[in-house]
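Subject: Structure for you to look at

Hello,

Please find the structure below. My notes on it come after.

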Amino acid sequence: MPAAGALALASALLAVAVLCSLLVGPESVPPAALLQLDDPGVDPDVLVLRHLRLPRTITGVLAGSGLGVAGVLLIGLTRNPLADPGVVGINAGAALAVVVGIAVLGVAGMPGLAWCALVGAALAGVVVHLLGSAGRGATPVSIAIAGAAVSAALAAITTAVTLADRTTFAAFRFWNVGALGTADPAALRGALPFLVAGLALAVGVAPVLDVLALGDDVAAGLGAHLGLVRATTAAAAVLLAGTAVALAGPIAFVGLAVPHAARLLVGVSHRRQVLLAVLLGPVVVLLADSVGRLVLAPREVQAGLVTALVGAPVLIALVRRRLGVGG
């Protein structure tokens with residue numbers, strides 16, 4: 001599909017997803033309330049939009065963009081089609097660091113939680129890479145296995161920390177599965193600079209990832225500084241995924257599904273994939289959140305649970321395809 005057509009399609013899908021996030025729920029809000037957001041009155045629908053639905057929607061847009069673009073960068077950096085921020089342990093590392101920051105260091109709010117998430121995400125990514133590269137070197141399957149092992153270990157530690165502190169557990173138990181209702185306007189403002197910096201790095205490094213895909217020797221022969229490219233790409237992915245986790249929790253599989261969808265639509269150009277992931281990531285997160293508000297209404301299923309239910313079959317299909325199972 002031409003890039004312009006793909007971007008137009010993604011923009012239309014994002015508009016639909018935003019409207020669903022704002023208007024759909026256990027109690028629907030009439031579209032006319034969108035025109036009254038500046039009204040200082042006490043109309044219940046406008047109050048729901050202003051104080052509940054709008055922050056939730058903005059959280060989904062920011063977190064979805066961060067996770068989607070981080071997935072594109074990690075797949076391009078590692079040449080591993082399974083290198084989702086959740087699969088390679090980045091989400092689990094960020095989650096543990098956030099919990100430790102709250103329970104042990106007394107960190108509250110952005111940008112403190114964002115810094116904690118970034119440090120945890122970076123350390124987890126390094127550990128997964130070292131484990132996956134041991135022996136015969138890094139392969140898609142070895143990285144996925146190392147990421148699963150590290151994620152499980154970090155999740156166990158996270159659980160232990162939260163169980164030891166009731167206050168932390170109460171705040172963490174919904175955030176842990178990935179939810180959009182936990183961030184407030186102050187947190188969104190604090191997270192925005194980190195996401196903007198990550199997106200700027202991603203757009204800048206994306207063309208070089210096209211060269212890196214040709215192989216290290218060819219890329220070096222064409223003048224690419226491999227160490228600088230890898231460090232910049234990793235820094236951008238950590239900024240985006242870590243901040244997204246700090247905002248909405250470790251929402252799984254968004255960084256896996258979105259890059260493959262973008263590649264299917266616009267081909268191998270990483271810059272086009274990044275631009276498309278900025279739009280498609282929020283579509284996945286917001287639609288998952290909207291579905292979660294409806295399936296068991298008036299109860300709510302967190303967005304992270306919905307994406308996990310949908311993403312698990314996607315991961316299995318990708319692994320089967322890489323291994324050549326079933327032809």
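The notes cover helix packing, the nonpolar cores and two single residues.

This is a predicted model, in which local features need pLDDT of at least 70 and side-chain atom pairs count only at pLDDT 80 or more, while totals for chains, interfaces and linings use all residues. Residues are numbered from 1 along each chain as its sequence is written, and side-chain values use heavy atoms, with hydrogens and water left out.

Helix packing

Two packed helices are described by the angle between their axes and the distance between the axes. Helices here are DSSP runs (H or I, at least four residues), numbered from the N terminus. Axes are lines fitted to C-alpha atoms over the stretch in contact, and angles run from 0 to 180 degrees between N-to-C directions.

Helix 2 (residues 44–78) packs against helix 9 (residues 226–248) at about 150°, and their axes are 8 Å apart. Helix 2 is therefore roughly antiparallel to helix 9 (the term applies to angles over 145 degrees). Contact means heavy atoms within 4.5 Å. Among the helix 2 residues that meet helix 9 are L67, V69 and L73; on the helix 9 side they include A237, L240 and L247. By class, this contact has 16 nonpolar, 3 polar and 1 charged residues (Ala, Val, Leu, Ile, Met, Phe, Trp, Tyr, Cys and Pro count as nonpolar, Asp, Glu, Lys and Arg as charged, and the others, Gly among them, as polar).

Helix 2 also packs with helix 10, at an angle of about 70° and with the axes 7 Å apart. These two helices are therefore roughly perpendicular to each other (65 to 115 degrees). In helix 2, G64, L67, G68, G71, V72 and I75 meet V254, G255, V258, P259 and H260 in helix 10. That contact has 6 nonpolar, 5 polar and no charged residues.

Nonpolar cores

A nonpolar core is a set of buried Ala, Val, Leu, Ile, Met, Phe, Trp, Tyr and Cys residues joined through side-chain atoms within 4.5 Å; buried means under 20% relative accessible area (1.4 Å probe, protein chains only). The largest such core has 71 residues, and V69, L73, V88 and L247 are among those with the most contacts inside it. Its largest share, 13 residues, comes from helix 9. Apart from it lies another core of 6 residues, including L22 and V29.

Two single residues

F253 is in the loop between helix 9 and helix 10. Its phi is near 70°, a positive value in a residue other than glycine. F253 counts as buried, at 16% relative accessibility.

R293, in helix 11 (residues 270–294), counts as buried at 4% relative accessibility. Leaving aside neighbours within four places in sequence, its contacts include R53, R56, R299 and E300.

Regards

Technical notes
Parallel < 35°, antiparallel > 145°, perpendicular 65-115°, else oblique. Buried < 20%, exposed > 50% of the residue type's maximum accessible area, 1.4 Å probe, protein only.
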